[in-house]
Amino acid sequence: MPVNDYRLDELDVVANGRVNGNHRRIDHSAVERAAGDLLRALGADVDAEALEETPRRVADAYAELLTPQSFRATTFPNDDSYDELVVARSIPFHSLCMHHLLPFHGVAHIGYLPGERIIGLSKLGRVVEYFSRDLQIQERLTTQVAGWLQRELEPKGVGVVLEAEHLCMSLRGVQKLGAKTVTSALRGVIRDDARTRQEFLALTTRTTHDQ
Ligand SMILES: [Zn+2]
């Protein structure tokens, strides 16, 4: 079967014509030094045994959170001319808020109306994860996922809804613990056709209530 097979990181670079934020180079030892400085500035006793390894652990953690895993995003011809919505619901994700360097986490609902090609369902989760490993804001993450699918899959429509709890909000008294921020990016017929949009939103809303 003819497939389009490519690595997401290569394509992303080509599509954007530049190396984007997902391809940053992390200076691990500089992060360690900075984490030590931060601890000192916070009044911590960095010589205490319990904190001895903390700068390294912090650097390891940020490196992991900010390093996207490339993968092969395989698409297939839509041989059966499937023309109903494909929806993957409640895909868990976590990312790092660029304003506070604190995590936000939640679920993604992704749907598309196929055109000439379809994509493996598990890959939808990998796309979210790929763009999550970055200093992010939720709105940007939402539009990046939708934009990538629109560009690479050329479907008739794309819908992406993210629901997330931001620790920078819920831990700082601005909002109640568990409060969710919801963002969406709708493209093509999922945006323009009322019936399709309604169907997509009904599928994603139902998930929310089921949880
Ligand atoms: Zn924040």
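Start by selecting Cys-97: in this predicted model it has 4% relative accessibility, so it counts as buried. Anything under 20% gets that label. Now add Cys-168, which has 5% relative accessibility and therefore counts as buried too.

**The zinc ion**

Next, show the zinc ion together with its surroundings. Which protein residues act as its donors? They are Cys-97, through its SG atom, His-100, through ND1, and Cys-168, again through SG. Try the distance tool here: the donors lie 2.1 to 2.2 Å from the zinc ion. If you switch to the sequence view, you can follow the spacing of these donor residues, which is C-x2-H-x67-C.

Click on His-100 now. Is His-100 buried or partly exposed? Its relative accessible area is 37%, so His-100 is partly exposed, since the label covers values between 20% and 50%.

With cysteines on screen, you might look for disulfides as well. A disulfide is a covalent bond between the sulfur atoms of two cysteines. How many disulfides are counted in this model? The count is zero.

**The sheet**

Switch to a cartoon view and find the open sheet. Its five strands come in the order 5-2-3-6-7, and their pairing is mixed. Which strands are at the edges? Strand 5 (135–136) and strand 7 (181–188) are, each pairing on one side only.

While the sheet is up, select helix 4, residues 121–132. Helix 4 packs on the sheet and touches strand 2 (86–97), strand 3 (103–113) and strand 5. Look along strand 2 and compare directions: helix 4 makes an angle of about 20 degrees with strand 2.

**Strand 6 and its neighbours**

Now select strand 6, residues 157–166. On one side, strand 6 pairs with strand 3 in the antiparallel sense, over ten bridges. To see one spot along that pairing, pick Gly-111, which stands opposite Gly-159 in strand 6.

Strand 6 also runs antiparallel to strand 7, and eight bridges join the two. Pick Gly-157 and you'll find Gly-188 of strand 7 opposite. Then move along to Glu-163, which stands opposite Val-182 in strand 7.

Turn on the side chains of strand 6. Gly-157, Gly-159, Val-161, Glu-163 and Glu-165 point one way, while Val-158, Val-160, Leu-162, Ala-164 and His-166 point the other way. How many of the ten residues of strand 6 are buried? Ten of the ten are, so the strand is mostly covered.

**A stop on helix 4**

Go back to helix 4 and select Lys-123, which lies in it. Leaving out residues up to four places away in sequence, Lys-123 touches Phe-71, Arg-72, Ala-73 and Thr-74. Take Arg-72 from that group: along the chain, Arg-72 and Lys-123 are 51 residues apart, yet their C-alpha atoms are separated by 8.4 Å.

**Zoom out**

Finally, display everything. The protein has eight helices and seven strands. Of its 211 residues, 40% are buried. Count the contacts between residues at least 6 apart in sequence, and 71% of them join residues at least 24 apart. Then turn on the surface: the protein exposes about 11600 Å², with carbon and sulfur atoms supplying 52% of it.

Key:
Residues are numbered from 1 along each chain as its sequence is written. This is a predicted model: local features need pLDDT of at least 70, side-chain atom pairs count only at pLDDT 80 or more; totals for chains, interfaces and linings use all residues. Side-chain values use heavy atoms; hydrogens and water are left out. Two strands pair if DSSP finds at least two bridges between them. Helices (H or I, at least four residues) and strands (E, at least two) are DSSP runs, numbered from the N terminus. Contact means heavy atoms within 4.5 Å. Axes are lines fitted to C-alpha atoms, for helices over the stretch in contact, and angles run from 0 to 180 degrees between N-to-C directions. A disulfide is a pair of cysteine sulfur atoms within 2.5 Å. Buried means under 20% relative accessible area, exposed over 50%, partly exposed in between (1.4 Å probe, protein chains only). Donors are N, O and S atoms within 2.8 Å of the metal (3.2 Å for Na, K and Ca); water is not among the atoms, so sites may look incomplete. Accessible areas come from the Shrake-Rupley method with a 1.4 Å probe; for residues, only the protein chains shown count as cover.
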